[in-house]
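Open the model in your viewer and keep the selection box at hand. This tour goes stop by stop, with something to select at each.

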Amino acid sequence: MKKIAIVNNGMGEVSYGILLGSVKRALELRECELVGENADYTVTVSVSGEYKSDRYTVRGRTDGATVVAANDCAVHAAVGRLLRKIKFDGKGRFVPFAGEIDHTPAKSIRGMYFATHFYNFYHVAPVEKVYEVIEDLALRGCNCIETWFDMHHYNSTKEEEAQEIIARLRAIIKYTNDLGMMTSMTMNSNEAFANSPEHLRARWDINGRYFAEPHGHYHVELCPSKEGGIEKIIEYRREVFECFADLKIDYVVYWPYDQGGCSCPECQPWGSNGFLKLFPHYKALVNEVLPNTKVVVSTWYFDRFVEGEWAEFYDKLNDPMFDDVEYIMAFFHNGNLPECIKEKGIPEGREFIDFPEISMQYCSPWGGYGASTLAGFLDRTNKACESLYQGGFPYSEGIFEDSNKFIEMEFYNGTSPDAFEALREYVKYEFCCEDEELFEAIKKTETALHRRKDPESNGKRYVIQDTSDIDFVYNTIMKYNDILPEKIARSRNFRLFYLRAIIDYEMKNHDFVPSASPRCVDAMNEVNRIYYANSKTRSCVCAPIGVLTEEQKENV
C-alpha cells in the first residue's frame, strides 16, 4: 500500500483540514493511505498572494510535489488535478506525477447549483454526505455552490420543517465558506408562502400574448402589478433573507420562471415587464439586508411561454438598473440562441453565465434509472455557447449525474477540449481504468437515456426510445464489475452505472415495465437507497418503483 502525505505551508487550517478529509477518502478508495510522515509521496501546499484569478502551479517529482495557489479554494483544485495526474491502479499502487502544471481557470464562476427540494439527495441525505459532494467538486475546480430555499412548502420561515431546511442550508453554506469557496442563493422573483393572500396572487393562464401556461407555477405566487403586491413580495423575501444575513453570501440570483412569473395583462410579457417592475425593489432589499452580496439576473425559460420576451429584455440591458448586476444568467438548450444574441452578441459591458441542464434532459424520473451521462448533449451546447459565458451554475438534482458535473468543471477550467475527452478523464480517474471499452460503454449510456412514460399504462411502463446500445453497455459493465478493483466496483459512482445497465437491460427485455422484472425492482430499490429516498421523496427524483419503508429496508 502506497502512502501519501500532505504538508501545510500556509493554507488556512480549517480548509486544510477539509482537504485532508477529501484526499483521505480518495486514497482509501484506491487502497492507498494518507499519512503524516514516512510517505512514499509528499505534497506540500501553500498560498501565494502573487497569484491571481485562482491560478495554481504544481511541480511534481518522483517522491512528491509542491503546490502553490492563489487561495485555499485553488489549493483544493490543484490537489485534485494532481490526484488525477497520478496513475492509481486501485489496488494500492500508483505511478507518481513528475511534471509541471501552471494553470489559470478559463472561467471566473465555476459553480454548481444544488436543487435542495422535493426530498431529493440534497434535501434528505445526511448532511455529511452533501459535504462530500462539495469536497469532490472543490477537487475538480468548482469555486461556488448555489442553494435555494423553496418557500411554497411553508406558511413562514418559523414552521418546524422550514426551520429544518434553513438549518440545513446554513450548514451547507457555512461548510462551503469554510473550504474557501463562494456561495450563492437562488430566489424566485415573485414566489410566496403557501398561505399567500389570494387577492394578490399572480395569474398563470394563457391570455394575451401567452401561448402556454408557465411551468412550475404553484399558484401561490404574487402579482407585482396589483396594489400591495410588491410590498408583500418584499416582505416575504426579507423574512427569508434575514435567515441567512449573518453568513457570507456572494451572490443571489433573481429568477423569472419555474416557479414564478405572472401572465396578467399588466405584467406580460413577464421577463421584460413585470419581472423588471419588481427588480429595483428586490435590489434595494439585497443592498439593505445582504450589503456584500452581488445580484445575478436569470433569463430561465424566456420565450418558452410568450414570444418576443428575449428580444424585449435584450433591448433593456443597457438600462442603468443593470449597471450593478454582476452577471446575466442564461442557458440555451443544444445551443439554440435567440435571434437577438445571434445578431448582436452579448451587449457591451454585460457579462453572461450559464445554467446548464445536467440532470433532467431526456429522462423522467430524473436519475430514476441510475447514472446519467449527457456528454453528447453537453458538448453540442457548450460548443455553440462557450464564448458567451464567464462560467455558470449547472443544475443538479442529485448524485446520479456525477460525470456531468465533472464535464462541466472541465469546461469551466479549460482543461478538456470537449465533453468526450472530459468523460474519458472521468472514467480513467474514478474507475482507475484507461480501457477504451469501458469508456465507450459509459459514453453510450446516453443513447438509452431518452424515455417517456406510456400514458395508457397507468404509470407502469417507461418506454426507452433507442435501445441499440443497451446490450453492449450491459455486457461491458457486467464484465468490468468483475474485473475492476473491488472498492472501485462497489463505489457509488460505478455502482450507479452498474445499476443503470441492469435496469435498462431488464426493461428492454420486459416490455419497459420495471415491475415485471424482480431483478429490475431490486436494482431500483438499491438506487433509491443510494439516494436516501424516503416516503416524502417526489416521484420525479427517485426510481419509478416506489420507495421502501424503513421496515422493508431492514429486511433487504
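Which residue caps the N-terminal end of α12? Select D418: a side-chain oxygen of D418 lies 3.0 Å from the backbone nitrogen of F420. Keep in mind throughout that this is a predicted model.

**Stop 1: helix α12**

Now select residues 419–430, which make up helix α12. The helix has 12 residues, and at 1.5 Å a residue they should span 16 Å. The C-alpha atoms at its ends are 16 Å apart, so the expected span and the model agree.

Colour the buried residues of α12 next. They are A419, A422, L423, E425, Y426, V427, Y429 and E430. Then step just past the helix to C432, where phi is positive, at about 50°.

**Stop 2: α11 against α12**

Add residues 402–413, helix α11. The two helices pack with their axes 9 Å apart, at an angle of about 120°. That angle makes α11 oblique to α12. Their crossing is right-handed.

Which residues of α11 meet α12? Show D402, S403, F406, I407, E410 and F411. On the α12 side, show A419, A422, L423, E425 and Y426. Those five α12 residues also appear among the buried ones of that helix.

**Stop 3: α16 and α17**

Move on to residues 492–508, helix α16, and residues 518–531, helix α17. The axes of α16 and α17 come within 9 Å and cross at roughly 150°. The two helices are therefore roughly antiparallel to each other, as angles over 145 degrees count that way. Here the crossing is left-handed.

Show side chains at this contact. From α16, pick R492, R495, L496, L499, I502, I503, Y505, E506 and M507. From α17, pick R519, C520, A523, M524, E526, V527, I530 and Y531.

Stay in α17 and select N528. Is N528 buried or exposed? It is buried, because its relative accessible area is 4% and buried means under 20%. Follow the N528 side chain: one of its polar atoms lies 2.9 Å from the backbone nitrogen of A543.

**Stop 4: H217 and its surroundings**

Select H217, in the loop between β11 (182–188) and α6. H217 counts as buried, at 9% relative accessibility.

What does the H217 side chain reach? A polar contact of 2.8 Å joins it to the side chain of E221. A polar atom of the H217 side chain also lies 2.9 Å from the backbone oxygen of G261.

Widen the selection. Beyond neighbours within four places in sequence, H217 is in contact with A202, R203, W204, G260 and G261. Take A202: 15 residues separate A202 from H217 in sequence, and their C-alpha atoms are 9.4 Å apart.

H219 is in the loop between β11 and α6 too. Its phi is positive, about 65°, although H219 is not a glycine. H219 counts as partly exposed, at 32% relative accessibility.

**Stop 5: D250**

Go to the loop between α6 (229–241) and β12 (251–255) and select D250. D250 counts as buried, at 14% relative accessibility. Leaving out residues up to four places away in sequence, D250 touches M182, T183, N292, T293 and K294.

**Stop 6: two cis peptide bonds**

Select Q268 and P269. The peptide bond between them is cis, with omega near -10°. P269 is found in the loop between β12 and α7 (274–289).

Then select S364 and P365. Their peptide bond is cis as well, with omega near -5°. P365 belongs to the loop between β15 (352–354) and α10 (375–385).

**Stop 7: helix α1 and the loop after it**

Finish with residues 13–29, helix α1, and pick out L20. L20 is partly exposed, with a relative accessible area of 25%. Setting aside residues up to four places away in sequence, L20 touches I6 and L34.

How far apart in space are L20 and I206? Their C-alpha atoms are 55 Å apart, with the two positions 186 residues apart in sequence numbering.

Last, select E31, in the loop between α1 and β2 (33–35). Phi of E31 is near 65°, a positive value in a residue other than glycine. E31 counts as partly exposed, at 28% relative accessibility.

Technical notes: Residues numbered from 1 in each chain as written. Predicted model: local features only at pLDDT ≥ 70, side-chain atom pairs only at ≥ 80, totals over all residues. Heavy atoms only, no water. Helix = DSSP H or I, 4+ residues; strand = E, 2+ residues; numbered from the N terminus. Buried < 20%, exposed > 50% of the residue type's maximum accessible area, 1.4 Å probe, protein only. Polar contact = N/O pair within 3.5 Å; in protein donor to acceptor, adjacent residues only side chain to side chain. Expected span 1.5 Å × (residues − 1). Axes fitted to C-alpha atoms, helices over the stretch in contact; angles between N-to-C directions. Parallel < 35°, antiparallel > 145°, perpendicular 65-115°, else oblique. Left-handed = near helix turned anticlockwise from the far one by under 90°. Contact = heavy atoms within 4.5 Å.
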